[in-house]
Amino acid sequence: MAVKNVLIMGAAGRDFHNFNLYFKDNENYRVVAFTATQIPNIEGRQYPAELAGKLYPEGIPIYSEKRLNELIDQHGIDEVVFSYSDISHEFVMHKASQVIAAGADFKLIGSRHTMLESRLPVISICAVRTGSGKSPATRRISKILRGMGKKIVVIRHPMPYGDIVKQKVQRFASVEDIDRQECTLEEREEYEHHVTNGNIVYAGVDYAAILKEAEKEADIIMWDGGNNDLPFYKPSLEIVIVDPHRPGHEIRYFPGEVNLRRAGVIIISKVSTAPKEGVQEVKRNIKKINPKAIVIEADLKIEVDNSKMIKGKRVLIVEDGPTLTHGEMKYGAGTIAAREFGAAEIIDPRPFAVGSIQKVFEDYPHIGALLPAVGYGDRQIKELQETIERTNCDLIIIGTPIDLRRIIDFKKQALRVTYRLREMSKPDLAEVLERFRD
């Protein structure tokens, strides 16, 4: 059989995992390159030889996805493998059409080939879209399990934005571990809330090696999925979060719909703040797509450092970056707090944006008068800080999963807003998780 030339489309996460499990050391394929999108500063690097295996002694180059047609033609690509997430079905098919028109096959790899098996119970927590409320759900679930006396190790979806070799297997047991490994703002947002909640977190690039290490110190593995990607491990229980603020997205985004179809438990979050018709539409779609799933209605309760500080103030709202950007949300925890506690005005940061922050607003015009907390490296964090300092406001409301005050020196008053998941229906999560007590 002739060796097939392969191009993997990704965003420094699922693409590397698919390579490691499906293509590495497979002599039937030659992976010519990765392409990158969604995340800045990935293209121009290499998937390193140290991780790529015996067939790739020079590593594998990573190019911008903008060069897709050029690469297909230049390298005689036979198959293009789509390997990133939180993408509309329509967008996926546009990419498929582009690839097929260029002469290559378009491929999606199924879960059977990309899920590793653990000797321990695995609870996966995924979502149908970025910003659905997965972080509060993981905190709630881990608290219940720890209350049973179980030792939880969280394995987080990959975010290898630094030195890929050094990030092969990462372990975080404290904020100091996160500091020492020079994590980006985006990485901190996903790891820090777990370690401050009392859990050990693993992440990195090689998820077989990560699993071996995590199993040494856990009773239960908790998979914390990124974007709306599928689990990297075969779950004992799949819990999936849906967002009634974006009704219909649960059946219109990839691979979010796959998660919906696979779920054993579906949490409808934000039920108190979502329109009733949005909640009803989500319920109808669940009943149509996955009628056997246990459905839990839940609320995300706002918790604020000092809500009295908000009343009458002109506020700058800093929300979670990915939730606003490719998650396509137009508000988050900070916005809800500003409205609920009487802010006089929400100040638009766009006139004050600098550098790459200005570019983010250009690329995602739906964001409006909110500031996405993006920080893929020191330079972008500095530009985020400069944008904050330039914005003429009385108070900064931080609606991000981490406390930005840890890494940015705010010159103005700033307070933090967080979410806490609260179940509103039966069975609740404690009842669902009772099976893991023994």
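The following exchange introduces selected local features of this predicted model.

Residues are numbered from 1 along each chain as its sequence is written, and side-chain values use heavy atoms, with hydrogens and water left out. Because the model is predicted, local features need pLDDT of at least 70 and side-chain atom pairs count only at pLDDT 80 or more, while totals for chains, interfaces and linings use all residues.

Biologist: In which loop is R246 found?

Modeller: Helices (H or I, at least four residues) and strands (E, at least two) are DSSP runs, numbered from the N terminus. By that numbering, R246 is in the loop between β13 (237-242) and β14 (253-254).

Biologist: Does R246 count as buried or exposed, and at what relative accessibility?

Modeller: Buried means under 20% relative accessible area, exposed over 50%, and partly exposed in between (1.4 Å probe, protein chains only). R246 therefore counts as buried, its relative accessibility being 6%.

Biologist: With which side chain does the side chain of R246 make a polar contact?

Modeller: A polar contact is a pair of N or O atoms within 3.5 Å; within protein, one must be able to donate a hydrogen and the other to accept it, and residues adjacent in sequence count only if both atoms are side-chain atoms. Contact in the general sense means heavy atoms within 4.5 Å, and, leaving aside neighbours within four places in sequence, R246 is in contact with residues including R129, K270 and M329. The polar contact, at 2.9 Å, is with the side chain of D243.

Biologist: How many salt bridges does a search of the whole structure find?

Modeller: A salt bridge is a side-chain nitrogen of Lys or Arg within 4 Å of a carboxyl oxygen of Asp or Glu. Side chains of opposite charge can pair when their charged atoms come close. Searched in full, the structure gives a count of 35.

Biologist: R129 and E328 meet in a salt bridge; how many residues apart in sequence are the parts that the pair ties together?

Modeller: The side chains of R129 and E328 meet at 3.0 Å, N to O. R129 is buried at 1% relative accessible area, whereas E328 is partly exposed at 36%. R129 lies in the loop between β8 (122-127) and α5 (134-147) and E328 in the loop between α11 (321-324) and α12 (333-340), so the parts tied together are apart in sequence by 199 residues.

Biologist: With which residue does K216 form a salt bridge?

Modeller: K216 counts as exposed, at 63% relative accessibility. Its partner counts as partly exposed, at 31%. The closest N and O atoms are 3.1 Å apart, and the partner is E213.

Biologist: Which helix holds both R379 and E383?

Modeller: The side chains of R379 and E383 meet in a salt bridge at 3.5 Å, N to O. R379 counts as exposed at 68% relative accessibility, while E383 counts as buried at 13%. The two are four residues apart, separated by about one helical turn, in helix α14 (residues 378-390).

Biologist: Which residue is joined to P255 by a cis peptide bond?

Modeller: Most residues other than glycine have a negative phi, and most peptide bonds are trans. P255 lies in the loop between β14 and α9 (256-262). Omega is about 0° for the cis bond, and the residue joined to P255 is F254.

Biologist: What is omega for the cis peptide bond that joins K426 and P427?

Modeller: P427 lies in the loop between β21 (414-423) and α15 (429-432). For the cis bond joining K426 and P427, omega is about -5°.

Biologist: Near what value is the positive phi of D25?

Modeller: D25 is found in the loop between α1 (14-23) and β2 (29-36). D25 is partly exposed, with a relative accessible area of 38%. As a residue other than glycine, D25 has a positive phi near 65°.

Biologist: How many residues of α7 are buried?

Modeller: Helix α7 (residues 185-196) reaches 16 Å from its first C-alpha to its last, close to the expected 16 Å, where the expected span is 1.5 Å times one less than the number of residues. The buried residues include L185, Y191 and V195. The helix is largely enclosed by the rest of the structure, because its buried residues number eleven of the twelve.
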